[in-house]
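The exercises below ask the reader to work through one chain, from local features to the arrangement of its parts. Each task is followed by a solution in steps.

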Amino acid sequence: MHTLHLTKVFAILLCTAVVAQVASPQAAPRLPGELAWTIGYDPKSFDPAKVDEEESEHVRYLTAGVLLRFNRYSQQVETQLAKSWSLSPDRMTITFVLRPGLAFSDGSRLTANDAAWSIRRVLLPATAAPVAEEFVEPAGVTVATPNDHTVVVHLPKPVVGIGKVFDEIAIEPAGRPSEGRITSGPYFVADYHRSQYIRLRRNEHFQGREGDRLALASANSIRLDVLDNAEKEIRLFQREEYDVINGLAPDYYGLLKQKSPSSVRDLGPSLNTEQIWFNQAAASPIPAWEKTWFQSQAFRVAISQTINRADLARVAYEGHATPAYNFISPANVAWYNHSVSTPHFDVAAAKAGLAHAGFRMNAGHLEDAAGHAVAFSILTNSGNAARMKMATLIQQDLAALGIRVTVVALDFPALIERLMHTQDYEACLLGISNADPDPNAAMNLWLSSSPNHQWNPSEKTPATPWEAEIDRAMQQQATSPTEAGRKRAIDRVQQIVADQQPFIYLVYPNALYAVSPKLENVKAAVLNPGVVWNVESLHLQGAR
């Protein structure tokens, strides 16, 4: 999943965004044996079928029971609520056999009817579930229940990596969606105070992968404090009020390492990306001449060539990041295209490209062919120091082209309003959280018809020939009968993205974590949710 930090994208467009609504830490007293950490902002939705941003995805992961779970550590698909599963030779029929004795958190029985209803619900257009796009042709999918413990899913086309898709489909009581209050996963939402905290309680009826009851191994409850203040988070972590910091900021990594070297972990480059993009949406209220700039390949390439990514990694991330030139991280060995040709740092080439496209300098300022001064604002989320530093460095870099850039930091709700609703912005700097190394999880980012096709969302038909080619390549990789065929299709998408620069990729942040020495059974993973991917097994010393 890739989550633009808005979902799934490789979804959730993960916003790794941190919100400027300062919550009152410890808004509720910590219960005995309770695990505690923070999320950056209030989840947009507790409905597991409608998750499209990072914090909602985080809650879904902790609460949802799924037929299959993608193990973030081994990166292998495992059974969870399903006892077994099989794929037909033509890869168009998936059969799940449920574990015996399954129940929801309220004690009601869980049967194949509940699983089928949950799958059908995410496929309905009215649900608008981001995961539906990963079925390629969701309208053609059918679901049958031969008996109480068997679910059969028929696909109109094969979907490579189909097992991981079910990691995102929460099994809910048929006809009773409860927004996380009744779940089939390890925890359920017990209490929520907006801008303060979410408390999850243990589901006493949950059965782990081996069938052992959750109560034998994990914490009674989890408290997620809504907090966007990194200094407070660090201070409370040092006071042992928090057990985990997922996505530790690089400047605080150094601070904690000095005081408690054993509590910090740098796992190296993550699969996540930070990028900037320009608003190319036809419906956007920005001036027509600005849309002309942003729709110009030469303009986007010149911007990319002028950004000094090495400086971004060194200054904004204190060396805990790698310069990025494409949407697949080199840490994703199976899918990274080593042969892709990308625009690297070259200010002279950027100036030449702009001149060839009709831009000119006038008294030290860049103008387009019609005489409009080239200036724009970059939106990013408040409370994220690394992004603010990157935006400022980019502002300085682009001054070399005679471009005036204004940096605007907004809280997350205001940022989402501008991006997803009014489309009233010029450029945006955010990140994508990639929970799945398989590029098929990025369908809702790259398909031109997707609302998460961020530079020009929900196109009725592809606006450009290169977007149409990306659509075809993404469909090909999703249905190719061979891994080699999938790789060729994804390699082609990487080259198109490098040529066109719809997203100008900046850095791959390292996976940085802080973990309490008292937290047991930790096996930190590069993939989100990092330290807490095996939440069923985590507990504090002496609290079992």
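**Exercise 1.** Which residue caps the N-terminal end of H1?

*Solution.* Before starting, note that this is a predicted model, in which local features need pLDDT of at least 70, side-chain atom pairs count only at pLDDT 80 or more, and totals for chains, interfaces and linings use all residues. Residues are numbered from 1 along each chain as its sequence is written, and side-chain values use heavy atoms, with hydrogens and water left out. Helices (DSSP runs of H or I, at least four residues) and strands (DSSP runs of E, at least two) are numbered from the N terminus.

The cap is Glu53, which places a side-chain oxygen 3.0 Å from the backbone nitrogen of Glu55. The helix itself spans residues 54–63, and because ten of its ten residues are buried, H1 is largely enclosed by the rest of the structure. Here buried means under 20% relative accessible area, exposed means over 50%, and partly exposed lies in between, for a 1.4 Å probe and protein chains only. Among the buried residues of H1 are Glu54, Glu55, Glu57 and Arg60, alongside Val59, Tyr61 and Leu62.

**Exercise 2.** In what order do the four strands of the open sheet that includes S2 follow one another, and how does H1 lie against them?

*Solution.* Take the order first: it is S2-S11-S10-S9, and the pairing is mixed. The edge strands are S2 and S9, each of which pairs on one side only. Neighbouring strands of this sheet are turned by 20° against each other on average, with direction ignored.

Next, look at the individual pairs, where pairing requires that DSSP finds at least two bridges between two strands. S2 and S11 (residues 221–226) pair in the parallel sense over five bridges, with Ile222 as the bridge partner of Leu35. S9 and S10 (residues 197–202), by contrast in sense, are antiparallel over six bridges, and Tyr192 has Ile198 as its bridge partner in S10.

Then consider how S2 is covered. In a regular strand the side chains alternate between the two faces of the sheet. Leu35, Trp37 and Ile39 are on one side of S2 and Ala36 and Thr38 on the other, and all are buried. With five of five residues buried, S2 (residues 35–39) is therefore largely enclosed by the rest of the structure.

Finally, H1 lies across S2, S9, S10 and S11, running at about 140° to S9; axes are lines fitted to C-alpha atoms, for helices over the stretch in contact, and angles run from 0 to 180 degrees between N-to-C directions.

**Exercise 3.** Is Glu172 buried or exposed, and with which side chain does the side chain of Glu172 make a polar contact?

*Solution.* Begin with its place, which is the loop between helix H3 (162–165) and strand S9 (187–193). At 5% relative accessibility, Glu172 counts as buried. Its side chain makes a polar contact with the side chain of Arg121 at 3.0 Å, a polar contact being a pair of N or O atoms within 3.5 Å, where within protein one must be able to donate a hydrogen and the other to accept it, and residues adjacent in sequence count only if both atoms are side-chain atoms. Leaving aside neighbours within four places in sequence, the residues in contact with Glu172 (heavy atoms within 4.5 Å) include Pro48, Phe104, Asp114 and Trp117.

**Exercise 4.** Which strands pair with S21, and in which sense?

*Solution.* S21 covers residues 503–515, and 13 of its 13 residues are buried. Go through the partners in turn:

- S12 (residues 244–246) is antiparallel to S21 over three bridges, and Val244 is partnered by Val515.
- S13 (residues 264–269) is joined to S21 by four bridges, again antiparallel, with Asp266 opposite Leu512.
- S14 (residues 273–278) pairs with S21 in the antiparallel sense over four bridges, and Gln275 has Tyr505 as its partner.
- S15 (residues 321–323) pairs with S21 in the antiparallel sense over three bridges, and Pro323 is matched with Val507.

**Exercise 5.** Where is the cis peptide bond that precedes Pro529 placed?

*Solution.* The peptide bond from Asn528 to Pro529 is cis, with omega near 10°, and Pro529 belongs to the loop between strand S22 (519–520) and strand S23 (539–540).
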